[in-house]
Amino acid sequence: MAINTSIEVQHVGKQFGEKVVLQDITLAVPKAQIFGLLGPSGSGKTTLVRLIAGIDAPSSGTVEVLGERMPQLAMLSNIGYMAQSDALYAELTAQENLEFFSALYGLAGAKRKQRILDVMELVDLGDHLKKQVSNYSGGMKRRLSLAISLLHEPAILILDEPTVGIDPVLRKSIWEELSSLSQKGTTILLTTHVMDEADKCHQLGMIRDGRLTAVGTPDELKQATSSSTIEEAFLFYGGARA
């Protein structure tokens with residue numbers, strides 16, 4: 001793995017039976033960058049982030065995170081993962097969910113207590129700590145999932161559509177936090193459909209039909225396609241038929 005590269009994907013393919021979902025994906029995510037995957041629904045974004053998170057194994061090629069071949073159970077403590085569908089225990093309170101995941105990550109005592117308060121404050125759920133998750137709205141569940149992924153201050157943060165269902169004001173504060181985390185050294189890989197979020201990423205990978213069609217900074221992708229907006233560049237690289 002190259003120096004200062006946190007994530008390296010080499011010629012990765014993924015099949016489910018006869019269905020080819022990813023084809024020959026190669027990309028590198030530099031340390032402390034926010035790398036966005038942009039593509040229409042069904043393009044393979046979620047499958048790719050699951051491979052990088054170590055939840056699934058590629059059919060071909062290799063995935064390395066922090067120099068370690070994935071999937072690898074020991075790497076989970078270095079990765080914060082927020083899935084597209086919320087993996088929460090609805091019958092438990094938010095605090096009980098956070099305590100459960102804290103224990104999985106090896107957080108204990110005063111450190112655990114403080115991190116729970118910190119992450120709930122960040123996602124503006126501090127007043128809902130004792131509430132049962134079954135009583136949370138969809139947006140609140142997304143915010144709690146984000147809080148859980150941040151609990152153990154991971155070196156790598158992998159977020160699948162993190163701001164779906166979150167109001168614009170809170171979305172802005174979450175992006176400010178993501179920028180702050182990257183400045184402190186956290187590498188962030190995320191998928192998004194939101195064009196103004198894509199513009200905030202250091203680099204973007206355009207993905208369509210399981211293939212990476214372009215990689216570059218938002219400005220580079222706009223220049224390469226003579227586009228004035230990321231949305232125009234996205235449509236140029238195959239988003240139009242989404």
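Buried means under 20% relative accessible area, exposed means over 50%, and partly exposed is in between, with a 1.4 Å probe and protein chains only. Keep that in mind; I'll use it throughout.

This is a predicted model, where local features need pLDDT of at least 70, side-chain atom pairs count only at pLDDT 80 or more, and totals for chains, interfaces and linings use all residues. Residues are numbered from 1 along each chain as its sequence is written, and side-chain values use heavy atoms, with hydrogens and water left out.

Start with helix 5. Helices are DSSP runs of H or I, at least four residues, and strands are runs of E, at least two, numbered from the N terminus. Glu176 and Lys172 both sit in helix 5, four residues apart, about one turn of the helix. Their side chains form a salt bridge at 2.9 Å, N to O. A salt bridge here is a side-chain nitrogen of Lys or Arg within 4 Å of a carboxyl oxygen of Asp or Glu. Glu176 is partly exposed at 46%. Lys172 is exposed at 54%.

How many salt bridges does the whole structure hold? The search finds 12.

Next pair: Asp86 and Arg142, 2.9 Å, N to O. Asp86 is in the loop between strand 6 (79-82) and helix 2 (94-104), and Arg142 is in helix 4, so this bridge ties together parts 56 residues apart in sequence. Arg142 is buried at 5%. Asp86 is partly exposed at 28%.

Then Arg171 and Asp196, at 3.5 Å, N to O. Arg171 is in helix 5 (residues 168-183) and Asp196 in helix 6 (residues 195-198), so the pair links parts 25 residues apart in sequence. Arg171 is buried at 18%; Asp196 is partly exposed at 37%.

Now Glu153. Its place is the loop between helix 4 (138-150) and strand 7 (156-160). Glu153 is partly exposed, at 48%. A salt-bridge network links Lys111, Arg115, Asp118 and Glu153. The side chains of Glu153 and Lys111 also share a polar contact of 2.9 Å. That term means a pair of N or O atoms within 3.5 Å; within protein, one must be able to donate a hydrogen and the other to accept it, and residues adjacent in sequence count only if both atoms are side-chain atoms.

Last, Arg143, in helix 4. Which side chain of opposite charge is nearest to Arg143? Asp124, at 4.3 Å; Arg143 is buried yet has no salt bridge. For charge, Lys and Arg count as positive, Asp and Glu as negative; His and the chain ends are not counted. The Arg143 side chain does reach the backbone oxygen of Val123, at 3.0 Å.
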